[in-house]
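Got your viewer open? Here is a short tour, one selection at a time.

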Amino acid sequence: MNIGIIGLGLIGGSLGLDLRSLGADSAENATPEGYRKPGRVLGVSRRQSTCDRAVALGAVDEADADLSLMAQADLIFICTPLSAIAPTVEQLVDHLKPNAILTDVGSVKTPVVRTLSPLWPNFVGGHPMAGTAESGIEAAQFHLFAGRPYVVTPTETTPPAAVREVVAIAESLEAKVYSCPPEAHDRAVAWISHLPVMVSAGLIASVAGETDPEVLDLAHKLASSGFRDTSRVGGGNPELGVMMAKYNREAVVRSLHTYRQTLDEIADAVVREDWGELERYLTDTQKARSQFNL
Ligand code: NAP
């Protein structure tokens, strides 16, 4: 099975590195279970220089800036920024084999699934939940997805065979596969991925707003592991943060409002010097944290 990857950046490049290494040692392209190992890995990216670099790094066998290369692919991953997914697929459909399976890796699912399903019925929404602070083809790495969640978001019209194929590939990357409706995915990631970016950005902005230069200078010098952990996601790629808020607006707004209320409750307890209430609160959050798969 030939794999296509459109958008050769951190996620697309990392997929290519793993999929090429999975297919490379296989002379026979089909397993007894029916799962077809990757054959050639073909890439398309916006810039020809990125395509050339992806080939040089071994992320793809062949790459071009022209979407017509995807006519040879059986399963295609759309790995462009969220804003480019729908426009890319609108141009891509004329080039595809009739039975080609299309999947994406976008961090928000509802708008992508709603737009793409009518354009290509053999489409399966997907989201590998792995990343680094870096972007672009130079940031691509092997085993990025191993041990990480990979969410698929089929709807009642998604062909089950296409879902099975995408799940099999995700499992071959050693990812932990979960399936849920696109809307549930978006509400969950608003809590554990998108809200943390906004909260962490708010934290950095609050500290940076300290008006006493001596205190601010000390804060810069004294910052240690606590600030490193809590500021990490707020100091990442701004474009990605804007995309999260723009495409998952409703769920992000809801989570931000809840968070603001929660902060007010904490501030009230401190203002009232109600240390008992604050301790109960922190005991509850200490217990609640253990429920997360961290
Ligand atoms: P990235 O490193 O910036 O890679 C995206 C690549 O897409 C760029 O390097 C760019 O390559 C190419 N591109 C941009 N517009 C294009 C177009 N119209 N047609 C073809 N290629 C185009 O971004 P990423 O982190 O891999 O994110 C890609 C997708 O993965 C996004 O949808 C994001 O939501 C999702 N995702 C990201 C993460 C994360 O943590 N980063 C995690 C999970 C999912 P050139 O311009 O150089 O050709």
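**Stop one: the ligand**

Select the ligand and whatever lies around it: 24 residues surround the ligand, with S45, T50, T80, S107 and G136 the closest. A residue belongs here if one of its heavy atoms lies within 4 Å of the ligand. A quick note before you zoom in: this is a predicted model, where local features need pLDDT of at least 70 and side-chain atom pairs count only at pLDDT 80 or more, while totals for chains, interfaces and linings use all residues. Residues are numbered from 1 along each chain as its sequence is written, and side-chain values use heavy atoms, leaving out hydrogens and water.

Now colour that shell by type: eleven residues are nonpolar, eleven polar and two charged. Gly counts as polar here. Helix α1, α3 (82-92) and β7 (126-128) each supply at least two residues of the shell.

**Stop two: the polar contacts**

Next, pick S45, where a polar side-chain atom lies 2.7 Å from an oxygen atom of the ligand. Move to R46, which has a polar side-chain atom 2.8 Å from a ligand oxygen. Then click S107: an N or O atom in its side chain is 2.6 Å from an oxygen atom of the ligand. Taken on its own, the ligand has 880 Å² of accessible area (Shrake-Rupley method, 1.4 Å probe), and the protein covers 86% of that.

**Stop three: G12**

Finally, find G12 in helix α1 (residues 10-24; helices are DSSP runs of H or I, at least four residues). Is G12 buried or exposed? G12 counts as buried (under 20% relative accessible area, 1.4 Å probe, protein chains only) because its relative accessibility is 1%. Leaving aside residues up to four places away in sequence, G12 touches I5, G7 and C79 (heavy atoms within 4.5 Å).

Technical notes
Buried means under 20% relative accessible area, exposed over 50%, partly exposed in between (1.4 Å probe, protein chains only). A polar contact is a pair of N or O atoms within 3.5 Å; within protein, one must be able to donate a hydrogen and the other to accept it, and residues adjacent in sequence count only if both atoms are side-chain atoms.
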